[in-house]
Amino acid sequence: MDDFNLCNLNTKATLQVAIAHPSFTDLAHQSVCTHLFSVSKIAENIAKKFNCEDAAALIGLLHDFGKYSGAFQRYMQIIINELLGHYDPDLDGASAKQLKGSIDHSTAGAQWITKELQGHLLPVCKDDPSIQIYALAILQILSLCVVSHHSGLINNLPEPTGGFTKRMLKSEDEAHFTECVKNADVTVIEKAQQIATKQFLLNSSIHLKTLLGAYSLSAVEHDFYLGMYTKLLFSSLIDADRIDSADFENPANKPERNQVADWGNACKKIEGFIAQFSSKGPIDGVRADISNNCYARACEPQGIYSLTVPTGGGKTYASLRFALHHAKKHNLDRIIYIIPFTSIIEQNADAIRKVLDDENKQSWVLEHHSNLEPELQTWRSKLAAQNWDRPIVLTTMVQFLESTFGSGTRGARRLHQMSNAVLVFDEIQTLPIRCVHLFNNTINYLTRFCKTTAVMCTATQPLLHQLPNEKAMLGQLALTLSNELTPDITSLYNLLERVQVKNLIRDDGWCESDLTELIIEQLHSVPSCLVIVNTKDWAKRLFIALQMQVDEQVSVYHLSTGMCAAHRKTMLADVKARLANGLPTLCISTQLIEAGVDVDFSSVVRFMAGLDSIAQAAGRCNRHGLRENAKMIVVNPDKENIGMLHDIKLGIGATKRIFDEFDETQLLSPQAMTRYFEYYFYERAGEMPYNITKSGFTKGTQTLLDLLSRNKNNISDSPFPLKHAFMDAAKAFKAIDAPSNSVIVPYNDEAKTIITELCALDTRFNAAEYRVLLKRSQKYSVNLFPNVWAKLVDIQAVYTIGNDEQVYYLLDEFYSNDFGLSTETSNTQEHFIL
């Protein structure tokens, strides 16, 4: 191997400094030594939240140890030459692009950790044989994090599948271990040796043993927790690496990133805001009681809480009040709201900003709901990826699950932010059934060991803490009845009953003409009507039909996920303004409107669905209890293609049983809802471990829960305790049934400008500007299922913003004001050309 020998191309002076990152603006390159110490310090600070600071400091110090190799420094020299326009014939014509990814610079650090800690194993285990398995786990976990920091956590599988053991056995020619030890800065080696002592291994092993022995865990829970310990350390490393790299690219990032929450001031603001409310009716009094109870309970210990409030009960501000005072009490870092649909993120974010944000000051609130961050990341997108570093974050359940179980490093860097935090899960009943055990075990771990509090908010509480006996051992939520923040739920539901449900389902279903007639009849008796359907096709059909049939004074609106968030926000603002003024209004929407959207219609027509969806839809009617005899009509269309909508199909079946067993006046009662979840939830218990079918080493059907815990099909003779197939599990995981792509749509002039500026960055890249543009573009993005995406690609309606990026934009003629994104051109749109 050649020792590295870099040249400063301006002065021709030889530099004996190993470079980690070249500067794109000058010759002030970042050295490997500087990068390693910086990442080590950042990772150490992050991991203090879960008492793993020494372990995080060590893996941060050694993650890029392989960059001391001559091969990697030769790669750095090529990059510098290309940046400055020089050509060196001694480099045999190789380009940086050709060499990228071919030089292993992560295995050497992992091998150093393994070799160093193996020397301490025997004396540590001799003193206390009961910790042998945990000492081996510590050695494996630290090495695994380092060796995986570019790919995402790799598998712990036997040959020939590869994974951890194969990487640890890499030869000198591939891993450059001996060469890196020779070339490394003395300070790096000395610092690593100061951390990786016998006492460090002993303390870490005892800590892990104590942690996993603190609760009576099943075998599955025990091993899942071992994986969570690994993933949180990995998250600390990944975020520290990305933060230091981004700050080197743009030092201006630091002030924005280091925002610290002043919870005392925030609590004063929300109390002042709450004090402004006046009680205008019985509903307002009930909302005040709910809010006051949340305030009173906020000083209690951290853990898992439920907040069961009927729709219209004011749970957004009640939960915020609890979270702010709870964060102050326990000195937490942030509050994260996890919301099911992008349609209500901006609404909730605006509500929170209304309380907390001052004019001309940095916002407390971050919205993160876009799928624009590509699955296959470039270095640009890695630097720009969102890491949830604001005091209050609003994101989707999809983003939460992808950050916890998804592939690669994009989401992994955010996982640690869920520690020392309040997690508020809004509309928790929308959690995908197949993710139940993964979710429960994750929340249990975070709340038990990571200074996390979780609040399960909904009007229709699922039974995550009351699973069937045979499934409880796989992980049920550690939620106790005493941690319900709403006292006497039945009485509360009776007080907030504002809508009568009318069951008008037919044996042969409702045809389109009968449905339009029914809706028009509603508009003759009440000023406004909301129609909620299950598919975009029905929403479009009814919108077109009713536009031509309703009276001229009635404004007709259409809402679906084919519209970007900014488009839907504009439409909803118009709808709310008309409703507030009592003007005739008809809105046809998919189910995006029914969970948490603050609208108040005189009547609602809901296509047959799960009882939880019907209850949520009822919350959009007579929201403030100002009308008498408000009703919601449940109908079933004669031709509805829900074959691919598995959850809706099964929900309809369970709801029909409830309609047969309960009187119309009791359909929205807590008793009916509990029975519904027993039918819908328990009968799907077999889906809860996330079943997957995979060829190769896992024959036939296995569960993702198993891959992340016991991994029964791993018959390796390896002495190491982690058998987890992290990478296979991550690749198999999808938060929703079908993966989606995201595209930026040209909804308005601002969206078009963002597209133009993103494309221009292909030739003059700036990481900070790229991140800002991606953040601004979130509200102009639309998520698409594979069949729609494939059609748009086929007709050349989508284009990438740059040659190496997987961020896409839509041509102007494929977006309409009425329906949003379409696979057919709209002649009404002005053609937009970049």
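**Reading strand 14 and a helix pair**

Author: Let's start with one pairing: Cys 529 stands opposite Leu 586 in strand 14. The model is predicted, so local features need pLDDT of at least 70 and side-chain atom pairs 80 or more, while totals for chains, interfaces and linings use all residues. Residues are numbered from 1 along each chain as its sequence is written, and side-chain values use heavy atoms, leaving out hydrogens and water.

Reader: Which strands pair with strand 14?

Author: Strand 12 (residues 528-532) runs parallel to strand 14, joined by five bridges (pairing takes at least two DSSP bridges; strands are DSSP E runs of at least two residues, helices H or I runs of at least four, numbered from the N terminus). Strand 13 (residues 555-559) also pairs with strand 14 in the parallel sense, over five bridges, and Tyr 557 sits opposite Cys 587.

Reader: Which way do the side chains of strand 14 point, and are they buried or exposed?

Author: In a regular strand, side chains alternate between the two faces of the sheet. Here Thr 585, Cys 587 and Ser 589 point one way, Leu 586 and Ile 588 the other, and all are buried (under 20% relative accessible area, 1.4 Å probe, protein chains only).

Reader: How do helix 6 and helix 12 cross?

Author: Two packed helices are described by the angle and distance between their axes. The axes of helix 6 (residues 132-147) and helix 12 (residues 219-249) come within 10 Å and cross at roughly 40° (lines fitted to C-alpha atoms over the stretch in contact, with angles from 0 to 180 degrees between N-to-C directions). The two helices are therefore oblique (not under 35, over 145 or 65 to 115 degrees).

Notes
Buried means under 20% relative accessible area, exposed over 50%, partly exposed in between (1.4 Å probe, protein chains only).
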